[in-house]
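Hi everyone, thanks for coming. I'd like to walk you through one structure today, so please have the model open while I talk.

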Amino acid sequence: MNYKESRVYLDELSRYGSVLGLDSMRELLHRLGDPQDELKFIHVAGTNGKGSILSYLSSILIQAGYTTGCYFSPWLFEYGEQFQVNGVHITDDELARHTTEIAEAINSMEIDGLNSPTLFEAETALAMVYFKSRGCDFVVLETGLGGRGDATNVVSTTLVEAITPISKDHMAFLGETIREIAGEKAGIIKPDTIAVSAKQHADAEEVLAAKCDELGSELRVVDEAAIEPISYGIGEQRFNYSSWKDVTISLAGVHQFSNASLAILAIEALRDKGFIIPDKAIYDGLKAARWFGRFTELAKEPTVIIDGAHNESAAIALESSICQYFGDKKVILVIGVFKDKEYNKLLSHLVPLSKQVITVETPNNDRAMPAHELREKALAYSEHVEAAESICQGMEKAYAYASRDDVILICGSLSFLGDVKRIVERRGTNNG
């Protein structure tokens, strides 16, 4: 297959939907030679902040001189961006070659009367084959959904697990309570490893601690009292964490001090396992880390901020960041959500901050809430709400409402932030 043919093949696998469980994943990887067994993993699970942790950890390991693979979802601009080695996306030729290999393995499974793997299982297998072919020293691996039954949990050579804040999300799959959801996330913890965790709800921390005790693993939790902010900023922030002084990060958002501290804990765990990671690599890696779509500034005058907040915990963090950075400015909110998310809680935190709200429908997704329906929900929190017929129209409306000193905030789902970025860039080019 060439690149175009491989993309068509992978898209066709999406008809199998999402299936939790590891039987098909194990069988597929076995027919591919079990490439995952020759890799070392830092496995990342949680509800919010996984992408930032991936970015921090990958950047630090690259600075330390290790060949580092990074696998995550969803992609925003180019399909291949979710498979990276040392920060560089997989090439079209590599993707086509490995997809052909995977298609042959899947075909053999079907001939033997086995169920076909899902798209995410095929993509996860592609990541494993690719990272093995590139000789990766480490792979920073993000779970897709939950943990215990997630396709990425087929790995057995994990060194460190990083658990970001756990809150209610994907409840139809993971459970109705924090305790149930934490149980699914804790499923990635392997025997005799070091699990590092953000400060959690008491129920979640109890579940994580019990899992580590069961497996003979160690649990280390970020000490929020040891985080000392020095300065806030969109392009640069500084803080102390325990013995780490004057740490600089480039990711914006008040929650990033906690995310970076969790990354430090994970790197300290790797050092305790004998890996050489100099202090300079940690400082330089934290500063160099970038992660698009998490409180990212796209433009000034007016300021344009995009954020993938789609649940209550993320909305609270976003609300805090808006107040911290733009407390004296007017906010125009552009929001699009999925019907199965906590949209009312998202609206309750963000709509009252905004002088005008524009609802949009995330394109090409059956889960998307129609803009006019979302408008009706938002009217419970403000009378200044209108619906747009498209992402482009929504942005035009936002620019019409905004003065040079205002803030246009776009959030609700990662799925349309790539479209927003292209619209903002075109506008900048046309106005330049």
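**A walk from the inside out**

Let's begin with Ile42, which counts as buried at 1% relative accessibility. Please keep in mind throughout that this is a predicted model. You'll find Ile42 in strand E1, which covers residues 41-45. What does Ile42 touch, once we leave aside neighbours within four places in sequence? Its contacts are Leu57, Leu61, Phe138, Val139, Val140, Leu141, Val160 and Leu270. There is also a long-range pairing to look at: Ile42 and Ile267 are 225 residues apart along the chain, yet their C-alpha atoms are separated by 9.7 Å.

Some of those contact partners come back when we turn to the nonpolar cores. The largest one has 45 residues, and Leu57, Leu61, Val196, Leu270, Ile277 and Leu286 are those with the most contacts inside it. Which helix gives this core its largest share? That is helix H9, residues 256-272, with ten residues. As a general reminder, nonpolar side chains in soluble globular proteins tend to be buried together.

Take Leu286 from that list. Not counting residues up to four places away in sequence, Leu286 touches Tyr56, Ile60, Val247, Thr248, Ile249, Ser250, Ala260, Ala263 and Ile264. Apart from this core lies another, of 35 residues, with Leu13, Leu29, Ile90 and Tyr130 among them.

Now for two residues I'd like you to click on. Ala198 sits in the loop between strand E7 (194-197) and helix H8 (202-215). Is Ala198 buried or exposed? Its relative accessible area is 9%, and with buried meaning under 20%, Ala198 is therefore buried. Beyond residues up to four places away in sequence, Ala198 touches Ile163, Thr164, Pro165, Val221, Val222 and Leu262. For a sense of distance, Ala198 and Ala380 are 182 residues apart in sequence and 33 Å apart in space, C-alpha to C-alpha.

The other residue is Arg179, in helix H7 (residues 178-185). Arg179 is partly exposed, with a relative accessible area of 36%. Asp203, Glu206 and Val207 are what Arg179 touches, again not counting residues up to four places away in sequence. From Arg179 to Ser197 is 18 residues in sequence and 15 Å in space, C-alpha to C-alpha.

On to the pockets, and I'd like to show you the second largest one. Its volume is about 510 Å³. Of the 27 residues lining this pocket, Ser55, Phe72, Gln84, Arg290 and Trp291 are the closest to its centre. Where does the lining come from? Helix H3 (50-63) and strand E2 (68-71) each supply at least two residues, and the largest share, six residues, comes from H3. By type, the lining divides into twelve nonpolar, ten polar and five charged residues.

Next, the backbone, for those of you who like checking geometry. The peptide bond from Ser73 to Pro74 is cis, with omega near 0 degrees, and Pro74 lies in the loop between E2 and strand E3 (83-85). A cis peptide bond also joins Glu301 and Pro302, where omega is about 0 degrees. Pro302 is found in the loop between strand E12 (296-299) and strand E13 (303-307).

Then we have positive phi values at residues that are not glycine. Asn86 has a phi of about 55 degrees and lies in the loop between E3 and strand E4 (88-89). Phe295 has a phi near 45 degrees, and its loop runs between helix H10 (279-288) and E12. Their surroundings are worth a look too: Asn86 is partly exposed, with a relative accessible area of 34%, whereas Phe295 is buried, at 2%.

Last topic, the cysteines. How many disulfides does the structure hold? Zero. Why does Cys392 have no bonded partner? The closest cysteine sulfur, in Cys411, is 19 Å from the sulfur of Cys392, so the two are too far apart for a bond; the cut-off for a disulfide is 2.5 Å. Cys392 is partly exposed, with a relative accessible area of 40%, while Cys212 counts as buried at 1% relative accessibility.

That's my tour. Thanks for listening, and please do ask questions.

Definitions and conventions
Residues are numbered from 1 along each chain as its sequence is written. This is a predicted model: local features need pLDDT of at least 70, side-chain atom pairs count only at pLDDT 80 or more; totals for chains, interfaces and linings use all residues. Side-chain values use heavy atoms; hydrogens and water are left out. A nonpolar core is a set of buried Ala, Val, Leu, Ile, Met, Phe, Trp, Tyr and Cys residues joined through side-chain atoms within 4.5 Å. Buried means under 20% relative accessible area, exposed over 50%, partly exposed in between (1.4 Å probe, protein chains only). Helices (H or I, at least four residues) and strands (E, at least two) are DSSP runs, numbered from the N terminus. Contact means heavy atoms within 4.5 Å. On a 1 Å grid over the protein atoms alone, a cavity is a set of points where a 1.4 Å probe fits but cannot get out, and a pocket is an open set with protein on both sides within 12 Å along at least five of seven lines; lining residues have an atom within 4 Å of a point. Grid points are joined across faces, edges and corners, and a volume is the space filled by probe spheres set on the points. Ala, Val, Leu, Ile, Met, Phe, Trp, Tyr, Cys and Pro count as nonpolar, Asp, Glu, Lys and Arg as charged, and the others, Gly among them, as polar.
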